[in-house]
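Biologist: Could you take me through one part of this model up close, and tell me how it sits in the rest of the chain? I'd like the reasoning as well as the numbers.

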Amino acid sequence: SILQKGNEWCYKYYMNQYDGLDSYGLLPCWDGAGTIKVIVDRANNENNTFLNDLYNSLLRDVCLFDDDVIVVDAVKKSISISININISTNIIISS
């Protein structure tokens, strides 16, 4: 087999195997060619070294030497939605 590094499939395969993740997102070319942002939803937020450990393992095992990678936690955000509905009805009453 041929070892590949730096492509999207390599990142996906690696992240699918990485312990401690509930889910993740990849944003290739988020800041131009050769950049990738990895957004992680950790299973346990108590591990203070998790992001740094993941970043270092990506550099070692997945990235090409010129890839620019950033690893960040997913952030929960509240979304407020309001909807206005106008209803017009015509009622015909026959006697």
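**A close look at helix H1 and its surroundings**

Modeller: Sure. Reading along the sequence, you get the pattern α-β-β-α-β. The radius of gyration is 23 Å, well over the 12 Å that the globule rule gives for 95 residues, so the chain is more spread out than a compact globule. Keep in mind that this is a predicted model. The C-alpha trace spans about 85 × 30 × 25 Å along its principal axes, and buried residues make up 22% of the 95 residues. Of the contacts between residues at least 6 apart in sequence, 50% join residues at least 24 apart.

Now for the helix. H1 covers residues 8-17, and Cys 10, Tyr 11, Tyr 14 and Met 15 in it are buried. Seen down the axis of H1, its buried residues fall within an arc of 125 degrees, so they line one face of the helix. The general background is that an α-helix has 3.6 residues a turn, so residues three or four places apart point the same way. On the other side of H1, you'll find Trp 9, Tyr 13, Asn 16 and Gln 17 exposed. What do the buried residues of H1 pack against? Their partners are strand E1 (21-28), strand E2 (35-42), H2 and E3.

The N-terminal end of H1 has a cap: a side-chain oxygen of Asn 7 lies 3.2 Å from the backbone nitrogen of Trp 9. H1 also holds a salt bridge, between Glu 8 and Lys 12, with the closest N and O atoms 3.2 Å apart. Those two sit four residues apart in the helix, about one turn. Glu 8 counts as partly exposed, at 38% relative accessibility, and so does Lys 12, at 26%.

One of the buried residues of H1, Tyr 11, leads us to Asp 67, since their side chains share a polar contact of 3.2 Å. Asp 67 sits in the loop between helix H2 (50-61) and strand E3 (68-73). What is the nearest side chain of opposite charge to Asp 67, and how far away is it? That would be Lys 5, 9.3 Å away, and Asp 67 is buried yet has no salt bridge. With a salt-bridge cut-off of 4 Å, that distance is no surprise as a miss. What Asp 67 does have, besides the Tyr 11 contact, is a side-chain polar atom 2.9 Å from the backbone nitrogen of Leu 64. Leaving aside neighbours within four places in sequence, Asp 67 is in contact with Gly 6, Tyr 11 and Gly 34.

For the charged pairs elsewhere, the count comes to three salt bridges in total. Arg 42 pairs with Asp 73, the closest N and O atoms being 2.6 Å apart. Arg 42 lies in strand E2 and Asp 73 in strand E3, so the pair ties together parts that are 31 residues apart in sequence. Arg 42 counts as buried at 12% relative accessibility, whereas Asp 73 is partly exposed at 27%. Asp 61 pairs with Arg 60, with 3.3 Å between the closest N and O atoms. Here Asp 61 is partly exposed, with a relative accessible area of 33%, and Arg 60 is exposed at 54%.

Methods. Residues are numbered from 1 along each chain as its sequence is written. This is a predicted model: local features need pLDDT of at least 70, side-chain atom pairs count only at pLDDT 80 or more; totals for chains, interfaces and linings use all residues. Side-chain values use heavy atoms; hydrogens and water are left out. Buried means under 20% relative accessible area, exposed over 50%, partly exposed in between (1.4 Å probe, protein chains only). Lys and Arg count as positive and Asp and Glu as negative; His and the chain ends are not counted. A polar contact is a pair of N or O atoms within 3.5 Å; within protein, one must be able to donate a hydrogen and the other to accept it, and residues adjacent in sequence count only if both atoms are side-chain atoms. Contact means heavy atoms within 4.5 Å. The arc is that of the directions from the helix axis to the C-beta atoms. The radius of gyration is taken over C-alpha atoms; the globule rule is 2.2 Å times the number of residues to the power 0.38.
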